[in-house]
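Here are my notes for anyone opening this one for the first time. Have the viewer ready and follow along point by point.

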Amino acid sequence: LKSKLSDPSLLTDKAYVAGEWVAADDGGTFEVRNPATGDVLAHVADLGRAETARAIDAAEKAGKEWAARTAKDRAKVLRKWFDLMMEAQDDLGAILTAEMGKPLAEAKGEIAYGASFIEWFAEEAKRVYGETIPGHQPNLRLSVIKQPVGVVGSITPWNFPNAMITRKCAPALAAGCSFVGKPAGETPLSALAIAVLAERAGLPAGLFSIVPSSSSSDIGKEFCENHKVRKLTFTGSTPVGRILLAQAADQVMKCSMELGGNAPFIVFDDADLDAAVDGAIACKFRNNGQTCVCANRIYVQSGIYDAFAERFAQKVSQMKVGDGFDAETDFGPLITEKAVEKVEEHIADARSKGGDVVLGGDRHEKGGTFFQPTIITGATQDMVFAQEETFGPMAPLFKFDTEEEVLGYANDTIFGLAAYFYARDVGRITRVNEGLEYGIVGVNTGIISTEAAPFGGVKQSGLGREGSRHGIEDFLELKYTCLAI
Ligand code: ADP
């Protein structure tokens with residue numbers, strides 16, 4: 001991998017703790033592998049609670065000075081970090097593809113997306129306005145200021161090794177907080193590369209630490225039990241989110257949770273069919289189906305079901321599975337063997353209940369964790385993917401007749417992150433948009449992510465929002481002051 005980089009110093013196997021590049025106290029390391037080849041890319045420092053506690057101590061100290069600086073001053077440092085990240089886009093993309101598997105163009109796209117949060121929140125830092133409130137007695141003056149919550153602990157997944165971190169650390173640091181991040185065990189190299197650039201951008205020592213670890217539950221416990229940590233921000237599965245929320249309850253810790261989804265993608269009879277097919281492909285197969293906003297259930301109205309299924313299958317069949325470094329590749333490998341088994345289970349379940357596999361359905365001849373893009377027609381609500389995220393390249397097509405019926409199906413889940421639909425009738429668009437119990441709705445588009453909009457879910461998909469002017473609020477506390485004169 002080093003030979004692919006114009007700046008090999010972005011690649012490191014040391015952890016970044018309290019402003020220093022360190023090995024684990026006990027010298028332990030864990031392996032990071034390329035999911036496309038199985039090659040070992042690095043042996044990364046495997047940290048535990050002690051090192052994490054040191055990162056938290058340093059974050060507390062550095063955070064106080066950082067918060068005392070002007071917002072404009074903080075913004076300047078963040079802006080520099082953004083610039084460095086964009087200058088290193090190609091290298092960061094290559095590191096990301098190597099450890100995660102997504103096609104290089106998609107990886108570079110993620111770097112730009114990830115960096116955009118740093119740019120955005122550098123700007124937002126300057127707009128953390130307070131308020132004054134007319135007093136409730138003649139001699140009282142009421143005001144509200146916003147202050148940083150303090151030390152933030154962060155736990156992030158492997159599917160967006162860069163952007164899931166920047167989406168959290170950028171608003172935290174912009175608000176005046178400090179940050180200790182535990183990246184996913186599969187993808188620590190992208191996180192550490194972000195830290196290399198943080199140091200170069202001039203983030204004060206200790207303000208931003210990255211603590212890679214193979215024992216994520218230990219780090220989670222340190223975050224939840226260490227009284228210096230004031231906020232936990234997590235992106236990952238709903239089961240782990242529940243564990244962390246329960247742990248955080250002991251300290252009544254502020255929490256942001258970006259958890260699982262089970263996105264419905266609905267195509268009505270009056271939709272533009274070609275646009276709906278393209279939107280469904282982009283939405284379902286982005287990152288090989290491994291995003292929490294990927295379409296998990298595709299509902300197509302009976303009048304266009306067959307035409308949609310045919311065009312969808314025809315287009316998907318032309319897409320290429322391969323190594324992310326191959327310029328022709330549309331779909332990389334899945335992240336792990338476990339991920340492949342989950343897709344297989346969902347396909348087997350659908351087959352046993354009468355689903356028809358019209359494309360793919362099996363592991364790919366390339367071996368490893370490569371999987372054929374798969375389409376299943378005749379999907380029904382009793383199949384397991386109606387309730388559970390597949391997180392892989394498998395698209396089930398459900399048939400429905402009425403608007404009311406499909407809204408019922410769409411909302412029949414504990415999740416409420418993203419939903420999508422294609423329609424033209426303005427009355428229908430308004431009704432369905434309002435009826436969907438989701439935090440994000442894409443209408444006539446399958447791609448919704450941008451740093452300018454609030455990303456987050458309702459129901460068991462999470463708490464809080466990331467991005468937009470709302471994203472910084474999750475890292476601020478309100479202080480109301482009652483002044484008697
Ligand atoms: P995914 O299926 O995307 O890996 P997880 O929720 O398992 O989702 O993992 C997301 C992040 O949470 C990863 O960084 C992982 O290491 C971490 N994690 C998993 N289990 C725990 C736990 N019990 N406590 C703290 N962090 C955890």
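The points below go through the domain record, the sheets, a helix pair and the ligand shell.

1. A word of caution to begin with: this is a predicted model. Please read everything below in that light.

2. Let's start with what the record offers. An unreviewed UniProt entry carries the annotation "domain: Aldehyde dehydrogenase", and that annotation covers residues 21-480. In the model, the C-alpha atoms at the two ends of residues 21-480 are 41 Å apart. Helix makes up 39% of this span and strand 22%.

3. Moving along from the N terminus, look at the hairpin made by E3 and E4, with six residues between the two strands. Strand E3 (residues 29-33) and strand E4 (residues 40-45) run antiparallel and are joined by five bridges. If you want one pair to click on, Arg 33 has Val 40 in E4 as its bridge partner. In the turn, Gly 38 has a positive phi of about 80 degrees.

4. Next comes an open sheet of three strands, in the order E5-E6-E22, and its pairing is antiparallel. Why do strand E5 (131-133) and strand E22 (476-484) each have one side without a neighbour in the sheet? Both stand at the edges with a single partner strand, so one side of each is left free of any neighbour there. From one strand to the next, the twist averages 25 degrees.

5. Staying with that sheet, strand E6 (residues 140-148) is linked to E22 by nine bridges, and the two run antiparallel. For a landmark, find Arg 141, which stands opposite Leu 483 in E22.

6. Now for the seven-stranded sheet. This one is open too, ordered E14-E15-E16-E13-E12-E18-E19, with mixed pairing. Strand E14 (356-359) and strand E19 (440-443) are the edge strands, and each of them pairs on one side only. Ignoring direction, neighbouring strands here are turned against each other by 25 degrees on average.

7. Within the seven-stranded sheet, try strand E12 (residues 263-267) and strand E13 (residues 295-301), which pair in the parallel sense over five bridges. Pro 264 stands opposite Arg 297 in E13. Helix H11 (residues 337-352) packs on this sheet, where it touches E14, strand E15 (374-379) and strand E16 (394-400). The direction of H11 makes about 30 degrees with that of E16.

8. Then there is the pair of helices H7 and H8. Their axes come within 8 Å of each other and cross at roughly 35 degrees, and the crossing is right-handed. Which residues meet where H7 contacts H8? From H7 come Gly 220, Lys 221 and Cys 224, and from H8 come Leu 244, Gln 247 and Ala 248. By class, this contact has three nonpolar, two polar and one charged residues.

9. Finally, the ligand. How many residues surround the ligand? There are 15, and the closest are Ser 216, Gly 220, Gly 236, Ser 237 and Val 240. Helix H7 (216-225) and helix H8 (238-249) are the elements that give two or more residues to this shell. The shell consists of seven nonpolar, seven polar and one charged residues. Gly 220 is worth a second look: it is among the closest residues to the ligand, and Gly 220 also takes part in the contact of H7 with H8.

Notes:
Residues numbered from 1 in each chain as written. Predicted model: local features only at pLDDT ≥ 70, side-chain atom pairs only at ≥ 80, totals over all residues. Near = placed C-beta within 6 Å. Helix = DSSP H or I, 4+ residues; strand = E, 2+ residues; numbered from the N terminus. Nonpolar A, V, L, I, M, F, W, Y, C, P; charged D, E, K, R; others polar. UniProt positions renumbered as here; feature names shortened; annotations may be inferred. Pairing = 2+ DSSP bridges. Axes fitted to C-alpha atoms, helices over the stretch in contact; angles between N-to-C directions. Contact = placed C-beta atoms within 7 Å. Left-handed = near helix turned anticlockwise from the far one by under 90°.
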